[in-house]
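Have your viewer ready, with the selection panel open. We will go from a whole chain down to single strands and helices.

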Amino acid sequence: MAKTLMTLRSQPMQVGVILMLALRNLRRQLRRSILTASAMIIGGWLLLFTFSLGDGTHETWIDSGVRMSGGHVTVERPEFRRSRKIEDRLSADVRSTIERALEAPEIAAQVVAQSARLTINALASSPAGARPAQIIAVDPLAEAPFSMFDDQVLEGRYLEPDDRLAAYVGIGLVESLDLRLGSRFVVQAQDTAQDISGQLLRVVGIFQSGMPEADQTVIHIPIQTAGDWLGSDRDVTNVGVVLADSATVASVATHLERVLAEPIAHGDASVLEWRESNPALYAAVAIDNFGNYLVYGILFTIIAVGIVNTVLMSVLHRHREFGVLQALGLTPGQTGAIVLVEGLTLTAISGVIGVSLGLLTTWYFFGDGIDFSALIGEDMTFSGVVIDPIIVPMFRVSRLSQILVFILVIGAAASIYPARRAATIDTAEAMKFER
Amino acid sequence: MTDTDSAAVRTDGLWKIFQQEAEEVTAVRDVSLTIERGEFMALAGPSGSGKTTLLNVIGGLTRSTRGEVVVAGHEVNAMSNQELARLRLDEVGFIFQAYNLLPVLSAMENAEFPMLLQGIGAEERQARVRDLFERTGMSGLEDRRPGKLSGGQQQRVAVVRAVASKPALVLADEPTANLDSASSEALLDMMFELNRDLGVTFVFATHDARVMERSRRVVRIVDGSIDSDETHT
């Protein structure tokens with residue numbers, strides 16, 4: 001009777017041996033390793049830089065879009081978005097709760113600007129005719145850092161704290177009503193008593209946002225004037241918050257939802273992220289991202305096929321060597337692991353180099369960005385957003401991690417088949433190979 | 001055979017049949033053989049006689065179609081691939097016609113390799129290899145890569161690699177086929193001394209007359225079967 005198999009000890013994984021052989025094989029095939037690595041380096045470089053550029057572009061779109069509308073996060077009554085009526089305004093309690101919540105240190109650090117507005121539909125009239133208008137009643141000091149309207153003065157000036165009957169009007173509406181700087185005109189809207197009430201205003205400034213919808217309807221007036229006109233005192237219909245980074249939207253919205261849990265439960269308030277309040281912009285960003293993912297998916301599939309080809313050729317070239325390793329006592333799994341480690345090491349090193357180059361390129365363009373005005377012009381609008389032709393790339397740690405993980409997964413996936421080939425060779429047959 | 005089986009190898013009714021497309025080719029035919037520890041023996045026969053296949057079956061590089069193979073007391077046919085790998089590592093040393101040193105390792109590292117896999121410490125590994133390098137005239141060439149060694153030198157490293165881990169037997173497949181006569185003689189002297197001084201069991205597959213002359217036992221294989229089994233004194 002032969003000895004039991006238990007007398008043969010099981011073999012440890014031999015990580016050190018596998019790593020040593022893998023690294024030496026990469027060095028041995030230096031030219032092939034460098035060629036494969038070059039593809040990964042260029043891929044990683046392009047991936048990081050173009051995603052930084054894409055993230056910077058999207059951040060600019062989002063920033064521009066939310067400043068022209070209600071902010072990254074908006075609090076309003078649930079019915080307000082559809083009705084735009086003065087009765088759907090926030091109570092004083094809700095407003096003060098919001099203001100206190102935004103003063104919390106962990107939230108305040110994220111907040112760039114906040115503005116409480118009374119936004120209603122109205123009818124603007126002059127001797128030349130009448131046009132539907134959107135009245136945005138604001139505190140001029142709070143609104144200036146919040147929106148971009150104050151930077152878009154065509155004539156005159158933006159609202160000031162002491163203004164009483166002042167109106168800051170879009171160029172389209174000015175032209176429709178045949179107004180000019182200093183002209184008087186009347187706006188009519190439903191007041192808090194549900195009567196139609198009129199207010200005389202004087203044009204102190206004319207703006208041109210580049211967005212026809214805003215230019216033809218928007219009128220900014222002081223919130224004090226609106227309160228006296230409509231009987232709403234200092235009540236507002238919505239409070240908007242602009243954040244330093246759109247990535248923090250969810251945490252700020254969650255914080256507000258927590259502190260406003262009771263009014264939200266009673267239907268007195270709702271917290272909207274920009275994705276909900278500006279779905280067209282969200283769709284535009286999502287489509288653009290999808291396009292990027294698709295293009296890079298295809299690019300990396302091509303790179304992966306290249307890696308499979310290179311690693312597989314290396315396996316076929318070393319068929320006999322793998323046979324020798326197994327004859328000397330390496331298990332099939334350990335033989336496959338050498339190939340897997342080779343692929344992963346090559347991918348990891350070239351991925352890190354590529355991503356580092358991407359970071360350097362991103363850093364180089366951090367200050368002034370890249371001017372695309374020759375390609376897209378100065379006045380391009382898109383999903384209600386004026387597109388800034390100067391794009392500044394944006395670095396996010398989460399994006400860096402995503403890209404590194406993606407590159408490693410590609411490397412691992414591309415090495416699995418060659419590793420399997422190496423693990424499943426017929427040892428005796430492999431010895432017959434002449435290299 | 002008993003639990004106290006002292007033979008290096010025992011085969012009983014061993015067959016190896018290859019399927020080549022629709023045709024069956026019998027490479028090993030009903031071979032029953034016992035190789036005692038410390039033997040210096042040759043499996044002789046012309047090309048295609050089945051001696052390399054028999055060597056591969058004994059070494060666990062390929063499985064037999066039927067019959068029993070016991071190597072150093074372990075029944076090879078009952079082993080998993082993992083266990084076979086461990087058997088090759090612990091009990092069998094291989095010497096190949098084409099040397100088959102690993103090109104990414106130095107002469108010293110090649111010779112140490114099986115011991116590295118066995119988990120033997122660096123000090124002991126290097127002491128064993130240096131001793132064997134001295135015996136085989138390889139001292140001073142420890143750091144050279146295989147590409148920088150002559151055929152004879154590479155085969156000496158292969159012999160050191162095969163014996164340094166102290167296996168139950170060393171299987172050598174045409175070890176002198178790629179060497180000139182002087183190198184062949186030197187290599188045979190070296191293996192003979194290792195057998196005599198250290199008791200290493202050598203089994204050669206060969207058709208080299210010099211190897212057969214030096215072997216104390218010659219088993220002739222014809223068409224996969226044992227044709228004769230002669231022991232020289």
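Here is a tour in five stops, starting wide and then zooming in.

Before you click, note that this is a predicted model, in which local features need pLDDT of at least 70 and side-chain atom pairs count only at pLDDT 80 or more, while totals for chains, interfaces and linings use all residues. Residues are numbered from 1 along each chain as its sequence is written, and chains are lettered from A and ligands numbered from 1 in the order in which they are written.

**Stop 1: all of chain A.** Its C-alpha trace spans about 110 × 50 × 30 Å along the principal axes. The radius of gyration of chain A is 32 Å, whereas a compact globule of 435 residues would have one near 22 Å (taken over C-alpha atoms; the globule rule is 2.2 Å times the number of residues to the power 0.38). Colour by secondary structure and you will find 18 helices and 14 strands (DSSP runs, numbered from the N terminus: H or I of at least four residues for helices, E of at least two for strands).

**Stop 2: the domains.** Select 12-64 + 282-430 of chain A for domain 1 and 76-277 for domain 2; such bounds come from an automatic or database domain assignment. The centres of the two lie 47 Å apart, taken over C-alpha atoms.

**Stop 3: strand β8(A), residues 218-222.** Are its residues buried or exposed? Five of the five are buried (20 or more other C-beta atoms within 10 Å of a residue's own; exposed means 12 or fewer, partly exposed in between, with C-beta atoms placed from the backbone). Val218(A), His220(A) and Pro222(A) sit on one side, with Ile219(A) and Ile221(A) on the other. Now add β3(A), residues 129-138, which runs parallel to β8(A) and is joined to it by five bridges; Val138(A) partners Pro222(A). Then show β5(A), residues 166-170, antiparallel to β8(A) with two bridges; here Val169(A) stands opposite Ile219(A). Strands pair when DSSP finds at least two bridges between them.

**Stop 4: helix α10(A), residues 249-259.** Select the buried Val249(A), Val252(A), Ala253(A) and Leu256(A). Looking down the axis, the buried residues fall within an arc of 100°, so they line one face of the helix (the arc is that of the directions from the helix axis to the C-beta atoms). On the other side, Ala250(A), Thr254(A) and Arg258(A) are exposed.

**Stop 5: helix α1(B), residues 51-58.** Eight of its eight residues are buried, so this helix is largely enclosed by the rest of the structure. Just after α1(B), finish on Gly60(B), which takes a positive phi of about 75°.
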